[in-house]
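This report is meant for someone meeting the structure for the first time. It begins with pairs of charged side chains and then widens to the sheet, a helix and the whole chain.

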Amino acid sequence: SALAQRVARSGDDPFLVWEHGDGEPATWTYREFGDEVDRVAAGLVERGVVAGDAVMLLLENSPAFLFCWFACARLGAVAIDTNARYVADELAHGLSLTGAVGAITHEHLVPRLEESGVPLGWIVTVDEPAWTCAALHGDPAVLPARAPDPGAPLCVQFTSGTTSRPKAVLYTHANAL
């Protein structure tokens, strides 16, 4: 994967700096970021997620979003990038369109997911204020090998919905690269 190549080439260089406003910025090197992505991907595998499954990311802007998004990419799962301000009806629309098997969110957004009325196999909340995904960690030894596939679905983003219901737009790995 592109991330694995960057880890091999620049493992100890900074990859992500998160300035959250509550003190010192948090920094992850390429290696630290890649290790967290593998732990999150393993946690998804342990919840039964396989290539092609949709996973809703109902997350505010944070490192957790990136860890989860890259973890889905690592597995070939499809990250459903959802607006954290969606109301229950909009979430129901997105969940119904995509068939998400589970959701990763913040504790304060769980009621909104539940109000959507769409059953999910699981819901995991990210840790705050650390903005990590420790509740989702698994053993990276369970990660399946996966050949690169530029045409594989990577994520779904929704249009603004200004003229009708938001439409799901599918992006491939090639689109992201």
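## Charged pairs and the fold around them

D12 counts as exposed, because its relative accessibility is 60%, and exposed stands for values over 50%. The model in which this residue is seen is a predicted one. D12 forms a salt bridge with R31, and the closest N and O atoms of the two are 3.4 Å apart. This pair links distant parts of the chain, since D12 sits in the loop between α1 (2–10) and β1 (14–18) while R31 belongs to helix α2 (residues 30–46), 19 residues apart. R31 is partly exposed, with a relative accessible area of 36%.

A search of the whole structure finds four salt bridges, and three of them, including the one just described, are set out below.

| Salt bridge | N to O distance |
|---|---|
| D12 and R31 | 3.4 Å |
| D38 and R74 | 3.8 Å |
| R165 and D89 | 2.9 Å |

In general, side chains of opposite charge can pair when their charged atoms come close. The side chains of D38 and R74 meet in this way; because D38 lies in helix α2 and R74 in helix α3 (residues 63–75), the pair ties together parts that are 36 residues apart in sequence. D38 counts as partly exposed at 26% relative accessibility, and R74 is also partly exposed, with a relative accessible area of 27%.

The side chains of R165 and D89 form another of these salt bridges. Here R165 lies in the loop between β7 and β8 and D89 in helix α4, so the parts tied together are 76 residues apart in sequence. R165 is partly exposed, with a relative accessible area of 38%, and D89 is partly exposed as well, with 47%.

Helix α3, which holds R74, has 13 residues and reaches 19 Å from its first C-alpha to its last, close to the 18 Å expected at 1.5 Å a residue. Its buried residues are P63, A64, F67, C68, W69, A71, C72, A73 and L75. After α3 comes G76, whose phi is positive, near 85 degrees.

The sheet comes next. Six strands make up an open sheet in the order β6-β5-β3-β4-β7-β8, with mixed pairing. Its edge strands are β6 (122–125) and β8 (168–172), each of which pairs on one side only, and the twist from one strand to the next averages 20 degrees. Strands β3 (residues 54–58) and β5 (residues 102–105) run parallel and are joined by four bridges, with L57 standing opposite I104 in β5. Helix α4 (residues 88–98) packs on this sheet, where α4 touches β3, β4 (78–81), β7 (153–158) and β8, and the direction of α4 makes about 160 degrees with that of β3.

What pattern do the helices and strands of the protein chain follow along the sequence? The protein chain has six helices and eight strands, and the pattern reads α-β-β-α-β-α-β-α-β-α-β-β-β-α. The radius of gyration of the chain is 16 Å, close to the 16 Å that the globule rule gives for 177 residues, so the chain is as compact as a globular protein of that length. Taken along the principal axes, its C-alpha atoms fill a box of roughly 45 × 40 × 30 Å. Of the 177 residues, 44% count as buried, and among contacts between residues at least 6 apart in sequence, 62% join residues at least 24 apart.

Terms used: Residues numbered from 1 in each chain as written. Predicted model: local features only at pLDDT ≥ 70, side-chain atom pairs only at ≥ 80, totals over all residues. Heavy atoms only, no water. Pairing = 2+ DSSP bridges. Helix = DSSP H or I, 4+ residues; strand = E, 2+ residues; numbered from the N terminus. Axes fitted to C-alpha atoms, helices over the stretch in contact; angles between N-to-C directions. Contact = heavy atoms within 4.5 Å. Buried < 20%, exposed > 50% of the residue type's maximum accessible area, 1.4 Å probe, protein only. Expected span 1.5 Å × (residues − 1). Rg over C-alpha atoms; globule rule 2.2 N^0.38 Å.
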